[in-house]
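Please open the structure in a viewer and keep the sequence panel visible. The tour below proceeds by selections, each followed by a description of what is found there.

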Amino acid sequence: MAVPRLEAYRSQDGNLAAPQASAGVHQLLDLRLEGGLEDLVGEVKTLAAAAEKHKDEPEEQQKHIEALLEALTKIVDASADEDCAEEIGFLGGHALATRLLERCAMWDDCRAVDLVADWTSVTLTTLGKLMREAPVGALDDRPRPFVVHLANDTEVILREVRDDHSEAAHGDKANVRVGYKLWGGAVVLATALLEMGAKGSLEGKRVLELGAGLGLCGLAAGRSDFGAAAVVLTDFHPRIVSNLAYNIAVNDLETPRCSAQVLDWEDLDAAFEDEVDDKFDLIIGSDIVCQALDCELVGRVLTRLLRPNGAGVALVTLGSADSRFGVEAFAPAMKAAGLECRETILPVPDVCLPASEGSQARGEVFLGTARAYVSFEITTATRLEAS
Ligand SMILES: C[S@@+](CC[C@H](N)C(=O)[O-])C[C@H]1O[C@@H](n2cnc3c(N)ncnc32)[C@H](O)[C@@H]1O
């Protein structure tokens, strides 16, 4: 299966150093996306059959058992990733594991029995969870991770949020699915954050992402070589937040330095209960305005969580007002909240996948009708410190 690719949105100066690619992440992606899991399950089947065939030739059989142990180790490692465990289950993995358990017992090999037992428990747990969450017909609709290529070979892996196919889980937030995919503003802001990080501007900073969706911006800011003290990716729905935690893990970002947390702008008291005095140096948000009311809410969040007296900065990138509802209310709302706000207009990023309007397609950047993006730089400079 081809990996969906998003062409780089190249920065003008192009001075960014390439990040260290993590072998773990790329192995996982190869396994997940390039048919590697199917090959692995096939290898286990073939080796198990070969070991069986040579049951009267102990030396020959042992060779096949050793190769089988290697393949089983890979399967157990891959099963630590919930998507991989699920995929292995769908490839018939747990039925195969059950059959193998009997054979391993006959071979009298404890290592094989242990490996197969680990594998069985992890695939069955994942599959059980999935069966509880999704109706049978929805199982093929599982989101796949895809790679976003940003400036200077920076790659970020994103998995879109899985739909839970249940009305109740969406509560009263009718538009919860807007956070299930990647928006153009995230590509613009993530690119700016990579430039800031490369210049050392994120060193030691506490960073908060609002309405993170898939978390591209926070994941870019969270690169360990940028040295931020903390990067907290937030959104209002637990389903989006658990996917954010997955995206942090799949990009090998350090936890707890990078973390995912629920933050509903309408229920600020529930967030950061113990941390109200521990404000943020940098608050980021991309395409976080879908209606005028959002501007007022974001203004309140910034007032509460940005470090006071000009020490904190917020960077918010939004599709321009002619393409998105509510954006025209953003600058006035910041002013009304006592914040200072400067605007820069940026072109639509050069992303290669078609920006099909209203598209929910997997692995695409959602641009909608946006022809330009506005980046707002917001500070607390002129505001008297809240008591
Ligand atoms: C248009 S999406 C943008 C997602 C992401 N920032 C991006 O650019 O790809 C808007 C995001 O704001 C979040 N959001 C909307 N209302 C919110 C609220 N009251 N509290 C927190 N997040 C909210 C949504 O869940 C969604 O993830």
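The stops begin at the ligand and then move through rings, loops and helices to the strands.

The model is a predicted one.

**The ligand and its shell**

Select the ligand first, together with the residues around it. The ligand is surrounded by 18 residues, and the closest are Trp183, Gly211, Asp235, Ser286 and Asp287. Colouring this shell by class gives nine nonpolar, four polar and five charged residues.

Next, display the polar contacts of the ligand. At Trp183, a backbone N or O atom lies 2.9 Å from an oxygen atom of the ligand. At Gly213, a backbone N or O atom is likewise found by a ligand oxygen atom, here at 3.5 Å. Asp264 takes part through its side chain: one of its N or O atoms there is 3.1 Å from a nitrogen atom of the ligand. How much of the ligand's accessible area does the protein cover? On its own the ligand has 590 Å² of accessible area, and the protein covers 97% of it.

**A pair of aromatic rings**

Now select Phe330 and Phe376. A pair of aromatic rings is described by the distance of the centres and the angle of the planes. The count of aromatic pairs comes to one. In that pair, Phe330 and Phe376 are tilted, with 4.6 Å from centre to centre and 55° between the planes. Which parts of the chain does the pair tie together? Phe330 belongs to helix H11 (residues 330-336) and Phe376 to strand E12 (residues 372-379), so the pair links parts that are 46 residues apart in sequence. Both Phe330 and Phe376 are buried.

**Charges over rings**

Two further selections show an arginine placed over a ring. Select Arg159 with Tyr246: Arg159 lies over the face of Tyr246, 3.7 Å from the ring centre. Then select Arg206 with Phe280, where the charged end of Arg206 sits over the ring, 4.3 Å from its centre.

**Backbone features in two loops**

Move to the loop between helix H9 (238-250) and strand E7 (258-262), where Pro256 is found. The peptide bond that joins Thr255 and Pro256 is cis, with omega of about 5°. Asp252 lies in the loop between H9 and E7 as well. Its phi is near 60°, a positive value in a residue other than glycine. Is Asp252 buried or exposed? The answer falls in between: with a relative accessible area of 45%, Asp252 is partly exposed.

A second loop, between helix H10 (292-305) and strand E9 (313-319), holds Asn309. Asn309 also has a positive phi in a residue other than glycine, with a value near 55°.

**Two positions in helices**

Select Leu244, which is found in helix H9. Leu244 has 0% relative accessibility and therefore counts as buried. Add Leu214 to the selection: these two residues are 30 residues apart along the chain, and their C-alpha atoms are separated by 6.0 Å.

Continue to Thr126 in helix H6 (residues 110-133). Is this residue buried or exposed? Thr126 counts as buried because its relative accessibility is 15%, and the limit for buried is under 20%. Glu86 is 40 residues away from Thr126 along the chain, with 6.0 Å between the C-alpha atoms.

**Two positions in strands**

Return to strand E12 and select Ser375, which is found there. With a relative accessible area of 17%, Ser375 is buried. Select Leu315 as well: Ser375 and Leu315 are 60 residues apart in sequence, and 6.9 Å separates them in space from C-alpha to C-alpha.

The last stop is Cys341, in strand E10 (residues 340-347). Its relative accessible area is 27%, so Cys341 is partly exposed. Finally, add Val313, which is 28 residues from Cys341 in sequence and 9.9 Å from it in space, C-alpha to C-alpha.

Methods: Residues are numbered from 1 along each chain as its sequence is written. This is a predicted model: local features need pLDDT of at least 70, side-chain atom pairs count only at pLDDT 80 or more; totals for chains, interfaces and linings use all residues. Side-chain values use heavy atoms; hydrogens and water are left out. A residue is near a molecule or strand if one of its heavy atoms lies within 4 Å of it. A polar contact is a pair of N or O atoms within 3.5 Å; within protein, one must be able to donate a hydrogen and the other to accept it, and residues adjacent in sequence count only if both atoms are side-chain atoms. Accessible areas come from the Shrake-Rupley method with a 1.4 Å probe; for residues, only the protein chains shown count as cover. Ala, Val, Leu, Ile, Met, Phe, Trp, Tyr, Cys and Pro count as nonpolar, Asp, Glu, Lys and Arg as charged, and the others, Gly among them, as polar. Rings of Phe, Tyr and Trp (its six-membered ring) pair if their centres lie within 6.5 Å; planes under 30 degrees apart count as stacked, over 60 as edge-to-face and the rest as tilted. Helices (H or I, at least four residues) and strands (E, at least two) are DSSP runs, numbered from the N terminus. Buried means under 20% relative accessible area, exposed over 50%, partly exposed in between (1.4 Å probe, protein chains only). A charge sits over a ring if NZ of Lys or CZ of Arg is within 6 Å of the ring centre and within 35 degrees of the ring normal.
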